[in-house]
Amino acid sequence: MDILKAQDTNLLIDKFGRQVTYVRLSITDRCDFRCQYCMSEDMKFLPREKLLTLEEMSLLGETFASLGVNKIRITGGEPLVRKNIMLLFQRLGKIDSIKDLTLTTNGSQLAKYASELKNAGVTRINISLDSLQENRFHDITRTGNLYQVLGGIDAAIEAGFRQIKLNAVIMKNHNHDEILDLTEFVVNRGIDISFIEEMPLGSVSSHDRDKTYYSSDDVKSDIEKRFLLTSSAKTSAGPSRYYDIEGTESSVGFISPHSHNFCESCNRVRVTAEGRLLLCLGQEHSVDLRDTMRRYPGDADMLRTTLIESMHIKPEGHDFNTDGGVPVILRHMNMTGG
Ligand code: SAM
Ligand code: SF4
């Protein structure tokens, strides 16, 4: 499709005919935690001037919305450690065509922000929680306090979001023995959970990813020792497979980049905290949106054209593997936005 025609459609359609309707915006690479699978202990963060400003991110959200995007997820790094962050949620929350404004957070600041986020229009929250054991939680996150996060989860439940879902990355011999406890935890609170296979993003020194790999199918069999799972109609327009947990209000999702390829139905792109548009989580294809926005400040048309053109380089799929523990992609997850 030539650019003019693509502009006429006002939609983001790639050369394989997939329409992008979902954008993940990473709004900072910084975080108050240093999770073993996500960051190294001595991370170097970007200088502030390299990050998109909140103003630039708002313009980006509005421009994506004008091109048919109806779901925006704010992620990071830890989004809630960014200064004045509520300004961004308030502005994105006012865009009518965004039907789903969601947040992925480690929960450490949720006790403070949950009700403001709800009032700003955030619809759903994903909260990462890999362990319910205080010491183990601290080991995995290196700096986190379990009770602060549990307080954040309570505050989010109290605020009444449309959905609250926990995200747990399962690593063999680190936390795979907590799969049932974590499932029990969400069932008791009427919230949902997704179990995530660790992805080879960035090199990590704390463990060998080949040895810690625990497949979604194994997680599912563990859960089925106590709960009956039935295939759910629920979809996240993403790589999760969902099951209802019979006799409860909770559902469980499995995010399985290794064992279940999800590329053919991919409807998403990501923007890094420094404004790089990533066309695929597992490939390096990217476009520098910060450059466009700083060369043509406030020019939404130029930004729209850049976004439409970018669709031409969205690759067909990713190519994750963990062979030899070598990361396929050198970016850490905090850069990419999970
Ligand atoms: N700080 C927030 C949080 O932890 O929820 C948002 C950003 S974090 C990068 C988003 C999600 O990515 C988290 O659920 C985290 O567990 C997951 N994640 C980070 N590194 C990962 C990896 N190497 N493989 C799989 N999931 C990962
Ligand atoms: Fe921070 Fe989230 Fe990465 Fe953990 S997973 S280090 S909380 S960005």
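## Serine 240 and its contacts

In this predicted model, serine 240 touches Ser194, Phe254 and Ile255, leaving aside residues up to four places away in sequence. Serine 240 belongs to strand 8, which covers residues 240–245. With a relative accessibility of 14%, serine 240 counts as buried, because the cut-off for a buried residue is under 20% relative accessible area.

The C-alpha atom of serine 240 is separated by 9.3 Å from that of valine 252, a residue 12 places away along the chain.

## The aromatic cluster around Phe254

One of the contacts of serine 240, Phe254, is also part of an aromatic cluster that it forms with Phe195 and Tyr243. Within this group, phenylalanine 195 and phenylalanine 254 form a stacked pair, with 6.4 Å from centre to centre and 25° between the planes. The pair links distant parts of the chain, since phenylalanine 195 lies in strand 6 (residues 192–197) and phenylalanine 254 in strand 9 (residues 251–255), 59 residues apart. Both phenylalanine 195 and phenylalanine 254 are buried.

## An edge-to-face pair

A search of the whole structure finds 3 aromatic pairs. One of them joins phenylalanine 33 and phenylalanine 137: the ring centres are 6.0 Å apart and the planes stand at 85°, so the pair is edge-to-face. Phenylalanine 33 is located in the loop between strand 1 (22–26) and helix 2 (54–66), whereas phenylalanine 137 is in helix 5 (residues 134–141); the pair therefore ties together parts that are 104 residues apart in sequence.

Each ring of this pair belongs to a buried residue: phenylalanine 33 has a relative accessible area of 5%, and phenylalanine 137 has one of 3%.

## The surroundings of ligand 2

Phenylalanine 33 also appears among the residues around ligand 2. The full set consists of Cys31, Phe33, Arg34, Cys35, Cys38, Met39, Gly77 and Asn106. Sorted by class, this shell contains 5 nonpolar, 2 polar and 1 charged residues.

## Charged groups over aromatic rings

Two arrangements of a charged side-chain end over a ring may be noted. The charged end of lysine 71 sits over the ring of tyrosine 22, at 4.3 Å from the ring centre. In the other case, the charged end of arginine 189 sits over the ring of phenylalanine 185, and the distance to the centre is 3.7 Å.

## Residues with positive phi

Most residues other than glycine have a negative phi. Arginine 142, although not a glycine, has a positive phi of about 65°. Arginine 142 is placed in the loop between helix 5 and helix 6 (146–159). At 17% relative accessibility, arginine 142 counts as buried.

Asparagine 173 is likewise a residue other than glycine with a positive phi, near 65°. Its place is in the loop between strand 5 (163–170) and helix 7 (179–189). Asparagine 173 is exposed, with a relative accessible area of 65%.

## The chain as a whole

The protein chain contains 12 helices and 12 strands. Of its 338 residues, 59% count as buried. The chain exposes about 14300 Å², and carbon and sulfur atoms supply 47% of this area.

Among contacts between residues at least 6 apart in sequence, 74% join residues at least 24 apart. The pair of phenylalanine 33 and phenylalanine 137, in parts 104 residues apart in sequence, has been described above.

Key
Residues numbered from 1 in each chain as written. Chains lettered and ligands numbered in written order. Predicted model: local features only at pLDDT ≥ 70, side-chain atom pairs only at ≥ 80, totals over all residues. Heavy atoms only, no water. Phe/Tyr/Trp six-rings, centres within 6.5 Å; stacked < 30°, edge-to-face > 60°. Helix = DSSP H or I, 4+ residues; strand = E, 2+ residues; numbered from the N terminus. Buried < 20%, exposed > 50% of the residue type's maximum accessible area, 1.4 Å probe, protein only. Lys NZ or Arg CZ within 6 Å of the ring centre and 35° of its normal. Near = heavy atom within 4 Å. Nonpolar A, V, L, I, M, F, W, Y, C, P; charged D, E, K, R; others polar. Contact = heavy atoms within 4.5 Å. Areas by Shrake-Rupley, 256 points an atom, 1.4 Å probe, with all protein chains shown as cover.
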